Amino acid sequence: MIGGPKLGIGGILMSAFCILLIMRSSLIARLYEIGVYRSIGVSRREIRRIFMTEIIFTTTLSSVVGFLAAWALLQYARTSLSQVSLTHFTVWSVVIGILGLYAVNLVFGMIPIQILLWKTPSNIMKQSD
């Protein structure tokens with residue numbers, strides 16, 4: 001088996017690090033907006049929901065597409081090289097991989113938002129100026 005679970009885990013962790021950087025840059029760009037939302041009384045839960053939606057959308061358009069493309073490429077290599085067994089995928093392993101990808105990306109993507117939401121609205125506004 002080429003790479004095995006280490007390659008898959010490495011890919012998921014790389015995806016998590018990338019989503020962390022994407023969400024951090026999105027947070028920095030929207031810092032004033034978040035400060036205004038918090039100042040007028042929008043709950044932390046609603047702000048988390050906004051960013052969770054963005055994380056899910058970003059994960060779907062980037063990580064999941066890449067995951068499925070890599071899976072399809074490995075399946076094609078497996079069928080075209082019938083004598084060589086590269087990998088063995090089941091439907092459940094693909095589903096668990098995608099769900100794991102979403103879970104890890106949500107956890108890592110929410111880190112910058114959680115750190116910011118610990119601050120008071122006035123501190124957020126002061127930081128955005």
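Here are some questions and answers about the structure above.

User: Before we start, what kind of model is this, and which pLDDT do local features need?


Analyst: Happy to set the scene: residues are numbered from 1 along each chain as its sequence is written, and side-chain values use heavy atoms, with hydrogens and water left out. This is a predicted model in which side-chain atom pairs count only at pLDDT 80 or more, totals for chains, interfaces and linings use all residues, and local features need pLDDT of at least 70.

User: How many salt bridges does the structure hold?

Analyst: Side chains of opposite charge can pair when their charged atoms come close. The test for a salt bridge is a side-chain nitrogen of Lys or Arg within 4 Å of a carboxyl oxygen of Asp or Glu. By that test, the number in the structure is three.

User: Which residue forms a salt bridge with Arg30, with the closest N and O atoms 2.6 Å apart?

Analyst: Arg30 has a salt bridge with Glu33, where the closest N and O atoms are 3.5 Å apart. The 2.6 Å distance belongs to another partner of Arg30, namely Glu54.

User: Where do the two residues of that Arg30 and Glu54 pair lie along the chain?

Analyst: The pair links distant parts of the chain, 24 residues apart. Helices are DSSP runs of H or I with at least four residues, strands are runs of E with at least two, and both are numbered from the N terminus. Arg30 is in the loop between helix 1 (4-29) and helix 2 (31-39), while Glu54 is in helix 3 (residues 44-80).

User: What is the N to O distance in the salt bridge of Glu46 and Arg49?

Analyst: Both residues lie in helix 3, three residues apart, about one turn of the helix. Glu46 is partly exposed at 34% relative accessibility, and Arg49 is partly exposed at 44%; the class runs between buried, under 20% relative accessible area, and exposed, over 50% (1.4 Å probe, protein chains only). Their side chains meet with an N to O distance of 3.0 Å.

User: Which ring has Arg30 over its face?

Analyst: A charge sits over a ring if NZ of Lys or CZ of Arg is within 6 Å of the ring centre and within 35 degrees of the ring normal. Arg30 is at 4.8 Å from the ring centre, and the ring is that of Phe51.

User: Which helix gives the most residues to the largest nonpolar core?

Analyst: A nonpolar core is a set of buried Ala, Val, Leu, Ile, Met, Phe, Trp, Tyr and Cys residues joined through side-chain atoms within 4.5 Å. The largest one has 13 residues, and Met23, Leu27, Ile34, Phe51, Ile113 and Leu116 touch the most other members. Helix 1, helix 2, helix 3 and helix 4 (91-117) each supply at least two residues. With four residues, the one that gives the most is helix 4.

User: Why do the buried residues of helix 2 line one face of the helix?

Analyst: Those buried residues are Leu31, Ile34, Gly35 and Arg38. The arc uses the directions from the helix axis to the C-beta atoms. Seen down the axis, the buried residues line one face because they fall within an arc of 100°.

User: Is Thr59 buried or exposed?

Analyst: Thr59 is found in helix 3. Leaving out residues up to four places away in sequence, Thr59 touches Ile19, Val64, Tyr102 and Asn105, where contact means heavy atoms within 4.5 Å. With a relative accessibility of 0%, Thr59 counts as buried.
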